[in-house]
Amino acid sequence: WIQNGFLVNRSNRGMLAMSNVASNSLSRISYDWLIVFKNAKEEDSILERTITVRKLKAAGLAPTVCKSHNEQEVHIFVRAPLERLEMEAEMAGLRKPVQDGGGLAPFTIAKRHLFVGATSHQGFFSSAERQRLTFRAMISSTRLQGAQLDFEQMYQSGNLLRVEPVHDRLLRQELIQTWLRRVPFATSAAALTPLRDYFGEHVALYFSWASHYLESGFPLAALGALVGVLRAILSA
């Protein structure tokens with residue numbers, strides 16, 4: 001999707017082990033964003049990486065820093081604790097489903113118990129919501145308790161290589177098993193919900209439309225085949 005002028009897509013790089021120490025911690029924790037710097041030894045490059053980590057921590061985010069296997073890149077994996085996600089969701093006016101069929105309402109921490117999934121600490125925010133909220137916290141101004149990272153300026157400095165959302169290994173595998181393999185061309189809400197939670201509404205809407213388009217074409221295809229057979233018989 002497009003975030004502040006950046007075209008971003010989920011990266012498989014976050015699923016790779018970066019080092020023996022980092023791979024153990026990364027395999028147990030789900031991260032949502034990956035910020036990649038050159039592993040340059042110049043003072044300005046080291047300072048920019050250090051300032052970035054400090055800003056992320058000051059904004060209430062949880063960065064983990066490690067090097068790539070070839071030690072040419074420095075990877076900063078970023079996630080947001082639940083309390084930070086809730087605070088960002090309230091400031092963003094994120095609409096969440098209300099219990100007992102109450103529709104959608106802007107999320108507030110004070111009324112968290114009224115929303116669907118309030119008792120689930122891990123699954124209250126979907127993967128797509130976590131990524132949007134975490135990215136918003138990274139680029140928001142310090143006045144809004146954000147990290148105020150200017151990625152465009154960081155790109156221009158030449159030290160920043162890329163900023164990418166990261167695949168959640170378990171959710172990705174679950175999505176492949178439960179949606180892609182078992183429910184082809186499904187347009188029901190139950191089938192599309194995992195896709196929406198992982199990639200967002202716009203991707204789920206596209207697959208819903210594409211599935212509906214294919215399904216609606218089957219009767220016409222059958223009718224066309226029947227007409228073709230009848231024409232062949234009559235012409236013979």
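# E73 and its sheet

Reader: With which side chain does the side chain of E73 make a polar contact?
Author: This is a predicted model, in which local features need pLDDT of at least 70 and side-chain atom pairs count only at pLDDT 80 or more, while totals for chains, interfaces and linings use all residues. Residues are numbered from 1 along each chain as its sequence is written, and side-chain values use heavy atoms, with hydrogens and water left out. A polar contact is a pair of N or O atoms within 3.5 Å; within protein, one must be able to donate a hydrogen and the other to accept it, and residues adjacent in sequence count only if both atoms are side-chain atoms. At 3.1 Å, the partner of E73 is the side chain of R162.

Reader: Is E73 buried or exposed?
Author: Leaving aside neighbours within four places in sequence, E73 is in contact (heavy atoms within 4.5 Å) with residues including V36, C66 and L161. Buried means under 20% relative accessible area, exposed over 50%, and partly exposed in between, with a 1.4 Å probe and protein chains only. Because its relative accessible area is 18%, E73 is buried.

Reader: Which are the edge strands of the open sheet?
Author: E73 lies in strand 5, residues 73-79 (strands are DSSP runs of E, at least two residues, numbered from the N terminus). The open sheet has 4 strands in the order 4-5-3-8, with antiparallel pairing, where two strands pair if DSSP finds at least two bridges between them. Pairing on one side only, the edge strands are strand 4 (62-67) and strand 8 (160-165).
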